[in-house]
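Subject: Structure for your review

Dear colleague,

Please find below the structure that I am handing over to you. I would be grateful if you would read the notes after it with the model open beside you.

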Amino acid sequence: MDVVAKVKNGERIGMDEALALYELDLFTLGRLADERRKVLHEKKTYFNINRHINPTNVCKDVCKFCAYSASRKNPNPYTMPIEEIVTTAKKAYEHGAKEVHIVSAHNPDAGIEWYLGMFKSIKEALPDIHIKALTAAEINFLSEEYNLDIDEILDSMVENGVDSMPGGGAEIFDEKIRDYICKGKVSSQKWLEIHRKWHERGKKSNATMLFGHIESRAHRIDHMLRLRNLQDETGGFNCFIPLVYQRENNFLKVESFPTGQEILKTMAVSRLVLDNIPNLKAYWATATINLALIAQEYGANDLDGTIERESIQAAAGAGSAHGMPLEDFIHLIKDSGFIPVERDSLYNELKVWR
Ligand code: V47
């Protein structure tokens with residue numbers, strides 16, 4: 001049976017079939033992904049009102065793709081005091097944010113109390129806000145730096161008020177590519193193990209994939225299949241987020257960057273391979289807003305959120321430094337023919353913006 005028939009039958013596809021999907025013309029592939037999206041979400045596109053906070057850029061690791069770390073091309077190290085992080089969260093809450101998304105670098109001078117204490121202080125000040133924080137890469141760093149079990153750290157996260165985990169640090173699971181782009185960072189196996197342990201606590205997380213640099217289509221599919229296997233066991237992933245590689249101010253030499261077609265195909269293939277992860281996020285910060293809006297027709301049903309401020313991808317050229325006003329967000333989703341639905345961090349619907 002050919003891959004189109006198999007997808008239409010709702011059958012699971014493997015590596016060779018997913019590679020064959022990439023060979024389809026964009027419209028055929030898009031239609032398959034759109035049909036799958038409609039079954040799950042009709043014309044709804046989810047977003048949340050959130051505030052990204054990146055509390056330190058001091059990092060002991062050296063990822064070639066990173067433009068954010070202070071030890072590299074960016075000469076301005078900073079570490080926000082906990083009071084400043086709480087004040088930032090409070091201001092965001094007053095502006096309507098329901099989630100703080102907190103991702104940092106791996107700062108060996110900040111101390112474990114700083115890493116975990118910020119969550120406790122935020123929750124004390126704002127018991128209703130959802131804290132999405134600590135990537136598996138940060139958790140692995142804390143475990144190595146302070147000689148703690150992963151379990152101890154995950155338990156402390158829960159005790160200190162972390163509600164869910166973001167999907168960062170996954171990059172590309174293929175060991176050879178990973179070794180080249182981010183040697184020394186959390187291994188693929190460890191990344192998956194940390195998420196498994198988090199899911200075992202009844203908690204949810206996201207999964208990212210950094211693509212459009214030196215990886216091949218097969219590496220992307222391998223990444224998706226490893227996630228699909230874990231999701232079969234735990235069901236703990238809420239959302240998959242293919243992050244488009246941003247090329248500025250870093251040390252990863254890339255010969256050719258993905259076209260809009262390749263980005264859309266990757267979205268569509270993600271939707272079809274990851275048949276057990278309900279949400280596919282076209283993260284507008286890295287895909288650009290216009291392509292993210294088109295990606296809604298290629299399987300994506302989530303656009304992240306208003307962000308308000310973001311430093312990691314913005315340092316590498318993304319247009320996310322100042323977020324996106326809520327009115328613009330809603331207007332753009334509506335104008336592109338979809339129904340904006342404000343969600344909470346766990347994908348419960350809060351408001352349908354008709
Ligand atoms: O893992 C770093 C990426 C990630 C670059 O869970 C880059 O909802 C593109 O975790 N080009 C961290 N990307 C961000 C993250 C995240 C973002 C949005 C939503 C969610 C979620 C999580 O930022 C890192 C890395 O892959 N990143 N440098 C770059 N040059």
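The notes below describe the enclosed spaces, a pocket and a pair of packed helices. Please keep in mind that this is a predicted model.

Enclosed spaces

How many cavities of 30 Å³ or more does the structure hold? There are two of them. The largest cavity has a volume of about 690 Å³, whereas the second largest has a volume of about 70 Å³.

In total, 41 residues line the largest cavity. Those that lie nearest its centre are Val103, Gly169, Glu171, Ile312 and Gln313. Two strands are worth locating here: β5 (205–211) and β6 (237–244) each contribute at least two residues to this lining. Sorted by class, the lining of the largest cavity comprises 18 nonpolar, 15 polar and eight charged residues.

The second largest cavity, with its volume of about 70 Å³, is lined by 13 residues. Lys132, Ser164, Asn206, Asn238 and Ser345 are the closest to its centre. Its lining consists of three nonpolar, five polar and five charged residues.

The largest pocket

The volume of the largest pocket is about 240 Å³. It is lined by 18 residues, and the closest to its centre are Tyr245, Gln246, Thr286, Thr288 and Gly317. Which helix gives the most to this lining? It is helix α12 (residues 284–287), which supplies four residues. By class, 11 residues of the pocket lining are nonpolar, five are polar and two are charged.

Two packed helices

Helix α4 (residues 82–94) packs with helix α5 (residues 112–125) at an angle of about 40°, and their axes are 9 Å apart. Because angles from 35 to 65 degrees fall between roughly parallel and roughly perpendicular, α4 is therefore oblique to α5. The crossing of α4 past α5 is right-handed.

On the α4 side, the contact is made by Ile82, Ile85, Val86, Ala89 and Lys90. On the α5 side, Glu113, Trp114, Gly117, Met118, Ser121, Ile122 and Ala125 take part. Taken together, the residues of the contact of α4 with α5 comprise eight nonpolar, two polar and two charged ones.

When you open the model, I suggest that you begin with the cavities, then turn to the pocket, and finish with the two helices.

Yours sincerely,

A colleague

Technical notes:
Residues are numbered from 1 along each chain as its sequence is written. This is a predicted model: local features need pLDDT of at least 70, side-chain atom pairs count only at pLDDT 80 or more; totals for chains, interfaces and linings use all residues. Side-chain values use heavy atoms; hydrogens and water are left out. On a 1 Å grid over the protein atoms alone, a cavity is a set of points where a 1.4 Å probe fits but cannot get out, and a pocket is an open set with protein on both sides within 12 Å along at least five of seven lines; lining residues have an atom within 4 Å of a point. Grid points are joined across faces, edges and corners, and a volume is the space filled by probe spheres set on the points. Ala, Val, Leu, Ile, Met, Phe, Trp, Tyr, Cys and Pro count as nonpolar, Asp, Glu, Lys and Arg as charged, and the others, Gly among them, as polar. Axes are lines fitted to C-alpha atoms, for helices over the stretch in contact, and angles run from 0 to 180 degrees between N-to-C directions. Angles under 35 degrees count as roughly parallel, over 145 as roughly antiparallel, 65 to 115 as roughly perpendicular and the rest as oblique. A crossing is left-handed if the near helix is turned anticlockwise from the far one by less than a right angle, and right-handed if clockwise. Contact means heavy atoms within 4.5 Å.
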